[in-house]
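Q: Could you take a close look at the place where the two chains meet? I would like to know what each side brings to the contact and how the charged groups pair up.

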2 protein chains.
Amino acid sequence: MALVVIGGVAAGLSAAARARRIDANLPIVVLEKGPVISYGACGLPYLVEGRVHKPEQLIVYTPEYFRKERNIEVRTGARVVSIAHPRREVVLESGERVRYERLVIATGARCDTLGIEGARAPHVFSLHTLDDAERMRAFLREARPRTAAIVGGGYIGVEAADALRRRGLDVVIYERNQNVLGRNDPELSGAVRRQLELHGVELRTGHTVATVDELKADIVVIAAGFKPNVAIASEAGIEIGRSGAIRTDERMETNLRGVFSAGDCAEVHHIVTGRPTYIPLGTTANKAGRVAGANAAGARERFAGIVGTAIVGIFGMGFAITGLSVEQARKEGFTPVAARIEGKSKPRYFGGGTTVVELVADGATGRLIGGSVIGEDEASGRINVIATALQSRMKVEEFAGLDLSYSPPFSTVWDPLLIAAQQLQKGLSVL
Amino acid sequence: MALVVIGGVAAGLSAAARARRIDANLPIVVLEKGPVISYGACGLPYLVEGRVHKPEQLIVYTPEYFRKERNIEVRTGARVVSIAHPRREVVLESGERVRYERLVIATGARCDTLGIEGARAPHVFSLHTLDDAERMRAFLREARPRTAAIVGGGYIGVEAADALRRRGLDVVIYERNQNVLGRNDPELSGAVRRQLELHGVELRTGHTVATVDELKADIVVIAAGFKPNVAIASEAGIEIGRSGAIRTDERMETNLRGVFSAGDCAEVHHIVTGRPTYIPLGTTANKAGRVAGANAAGARERFAGIVGTAIVGIFGMGFAITGLSVEQARKEGFTPVAARIEGKSKPRYFGGGTTVVELVADGATGRLIGGSVIGEDEASGRINVIATALQSRMKVEEFAGLDLSYSPPFSTVWDPLLIAAQQLQKGLSVL
C-alpha cells in the first residue's frame, strides 16, 4: 500500500507532500535521480548572474526535512530505468525494485540540444539543473569568457542573455524562428528585440545553428526548449499525447489506473482552447503535482487546467503573456480580434512608465481569449488580472467593467487594462 | 433634443464624452458649478505634499478642449438650483433656464463636516476640490503650521496625514470609529495604525471631535466622509436610496424616465451583495458615467456594478480592499470564513518584502466574497486579481487553481494569493 513518486523537484514533491496531507499513514517514497531535491530551477539564471550567491539559496527542502517533518522517504541518486506495471514495481538503475500501489510520474524534461554538433564541448552549457548553473559559474570564474552565444530565444535564453550581459559579456542570441518567447507574436517579439538591443544584446532570429563552432563564442548556452522525459512511461504502456508529453485526465491520471503524472513530463488541459497542451512551467508543475498526489492518496480532486500565463524579466522590464496570441487563436479556429494600447502604469508624478497591453478576443463570442502586457514590475499584476478573466471565461464587455483599484501611487484612473478593453469593444462592435 | 449634464468632473464628463460617441449630432451641454472641470481629485493630497507642483498638472481637459474636439458645450460657474422635470428644464442660480430632453445628474458629493464647531475657521480645511488644495498649500506656505489634526481616518484622512507628515508637521488623526478606511476590519486597521505610527503619525480611534478648538492644532483637515449632493434631485421627485444617494437601475437611470445619474451622488449595484451601495470613488464615477451617457444618448448599456475595490498608499505601503470584510459579510447574511497569510511578494534575492493577503469566502457556497492585501506596489495587482474573481463570482476552489504568472523578479512560485486560497480551502473543508 505504498505511493511511489518518480522525481523530486517541483511536481514530485508537491505530489508527495499533498498525499501526506490526505493520508497521514500512507507509505510514500520519492525517487530522485539527481543529487539534490526541491530546488527553484527558475532561479538558476540569477545564480549565474551572481544575484543569488550560493546554490543553497535555491534549495527549498532537503531529504531530511521530508523524512523528519513529513514522514516521506526521499532517495536521491535513485534513477528509475523502467516501470513494470503488471507487477507494480519500478526498477532502479542499480537493479533494485521498489513496489508501489499508486505511482506518480514526475520525471520532468531535458534540454533539447537540437542535434547541434559540439554540444558536449567544455564551453557549452545548458541551464536546467543546479549542477548546470554551478558548472557555468565555475567556467565564468575560471575561463573568463568575453563573448557568449545563446541558442534559443525562449524564457531561459533571454534570462541567460540578461545574466551574462550583466556580467559584462558580449551576448548574441540565435533563435531559429522569427519570433521569441515561444509565442507567435511579432509585436511582442519586436518589443523583446528592442529591449535586448537597448542593453547591448544582439538577437538573430530565423537563424538555425548547426554546430557550436560557427558561433565563435567563448561560452555557449543551449536553451532551445525542452523534451519531456517519457521513455520509461511510454515503454510501460502509458499513453503519450500529440505534444510528446504524457497524456493525463483532469485528475492527472494516465491511461493506467493508479498511475498519475504531473510536471514537465505531462500534458495539462488548456482552459482557453479546451485541448491538452504542453507548457512546462514550475507553477503548473506544483499545482498539477498537488492534484496528482491528492488523487494518488485516495482523494478526488480535479485540476482545472492552465491558461498559458508566463512572464519573463529582461533588463528590468516584464514581458508577460496569457492565453492565445492572435496567430495562435487563428490556428485554434477562433476569429481573433485584438486591441493593443500604450498607457501609463501610473501618473507621471509617481514616476509611471509606459505599459503596453494587448487583449485578444474571439470575434464570434466576444470572449476574451488572450493578452500580453509589457511593463515594469506591475506587468505581473496586470497579466494576472487577464489570466483570472480567462480562467472564468469572461467576455470583453464584462472585463471592461472590472472594478480595479485606483490611487495615484499605484495606477491611473483608467487602468491600461480597461483602456485596452474599451478599444477591443470598438473592434468587436464593427464585426 | 438636447442632453444636459449637471456636473463637469468625473462622471459628468465621462457621460458627455460617451454620449457624443454614441450620437455625433446630439446637442450636449455640461453645467459645472465650479471654476474648472475635469480634474483628478484623487491627486489633491499629492498637490498638498508638493509632489504635484502645479494645480494645472491635475487638470485633464479644459472647456475649450470639449468645445473644439468633442463639440460639447461646457459652462463653468453654472450652478443648477432646481430641476423642473415636467417642463424638462434645469434652473440656474442666475435664473436662466436650460431645456433638456435627457438629463444626467452628476452633482457629486460634499465633505461631511459632522457639525464640528469651528469648521469654518481659517486654519480648517477640507480636501475635496482643487480650490481646497490650493488654499491649503497657501496656508502651509504662509502660516507655517507645525502641528496638524486630521478629522477622519478614511482614505483622504490618511493621505492628508501622509502628505503633511512628509512636509514635516506633527500629525494626529482622529477617527470616531474603532476602525479606519471605512472598513470594519480590526486586522487591517491595526496594520494601518502600525504603518502610521512607524512614520510618526498618531492615530486616535474611537474619538469624536466636537470643536476644532479641542484639537489644539495649527492646521485642521476635516476628511470625515462625503454626503451625496441630492437636494435638487430629491426636490424634483427623484428617488433617493437608503444610503442617501440617488437610486439608479442598471442603466444608471433614475425613477424619472430620461433622467440618469452617476458619480458621487448616485448609488450603484454591488455585485457581491446584490444590493445597491454607495461607495463614492473616481473609478466608479467614470465607468457609471459612461453608461449613463451612452443610455442618455439612446444606446442600451448596462453597468454591471462594483465589488468595492479600493487602495490607499500610506508612506509607501499599499492597503487594498475588495468585496466584503468578515464583519460586513456577517451583516449581509453570509457565513464568512477567512484566511489571512503573510508571504513574500517575491524572492528575497529580488528584494521581496512582506505581503499580507486575507481572503473571505461564504461558508455556505464556497464562493469568494472579499479580500484585502497589504504590500508594496504589487498590492494593487494582487487586489485586482481578487476583484476580478469577485466580479465573476469565483469559488475559492477555482481561485486556488489560478494560473498566475511567475518568475523570480516578479513573484514567488506560489503566489501569496494562492497560498491564502489554499489556507481558506482548509477552513472551508472543516465546516
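A: Happy to; here is a walk through the interface, followed by a salt bridge inside one chain and a small sheet.

Please keep in mind that this is a predicted model. Let us begin with the extent of the contact. Chain A contributes 57 residues to it and chain B contributes 57 residues. Together the two chains bury about 4800 Å², and 60% of that lies on carbon and sulfur atoms. On the chain B side, three residues stand out: Tyr349(B), Asp403(B) and Phe410(B) supply 17% of the area that chain B buries against chain A, more than any other three residues.

Next come the polar links. Across the interface of chain B and chain A there are 21 residue pairs in polar contact, with both residues at pLDDT 80 or more. Which elements of chain B supply at least two residues each to the side that touches chain A? They are helix 8 (282–296), strand 18 (310–314), strand 19 (317–323), helix 10 (379–391) and helix 12 (416–429). Helix 10 of chain B gives the largest share of that side, with nine residues. Sorted by class, the side of chain B that touches chain A holds 27 nonpolar, 20 polar and 10 charged residues.

Now for the charged groups. Side chains of opposite charge can pair when their charged atoms come close. Between chain B and chain A the count is two salt bridges. In a salt bridge between Lys346(B) and Asp377(A), the N to O distance is 2.9 Å. Over all chains, the structure holds 50 salt bridges.

A salt bridge within chain A makes a nice companion to look at. The side chains of Arg166(A) and Asp162(A) meet at 2.5 Å, N to O. Both belong to helix 5 (residues 155–166) of chain A, and because they are four residues apart there, about one helical turn separates them.

Finally, chain B has a small piece of sheet to inspect. Strands 4, 5 and 6 of chain B form an open sheet in the order 4-5-6, with antiparallel pairing. Strand 4 (80–84) and strand 6 (97–99) of chain B stand at the edges with a single partner strand each, so one side of each has no neighbour in the sheet. Neighbouring strands of this sheet are turned by 25° against each other on average, direction ignored. Strand 4 of chain B pairs with strand 5 (residues 89–92) of chain B over four bridges in the antiparallel sense, and Ala84(B) stands opposite Glu89(B) in strand 5 of chain B.

How values were computed: Residues numbered from 1 in each chain as written. Chains lettered and ligands numbered in written order. Predicted model: local features only at pLDDT ≥ 70, side-chain atom pairs only at ≥ 80, totals over all residues. Heavy atoms only, no water. Pairing = 2+ DSSP bridges. Axes fitted to C-alpha atoms, helices over the stretch in contact; angles between N-to-C directions. Contact = heavy atoms within 4.5 Å. Buried area = accessible area lost by both parts, 1.4 Å probe. Salt bridge = Lys/Arg side-chain N within 4 Å of Asp/Glu carboxyl O. Polar contact = N/O pair within 3.5 Å; in protein donor to acceptor, adjacent residues only side chain to side chain. Nonpolar A, V, L, I, M, F, W, Y, C, P; charged D, E, K, R; others polar.
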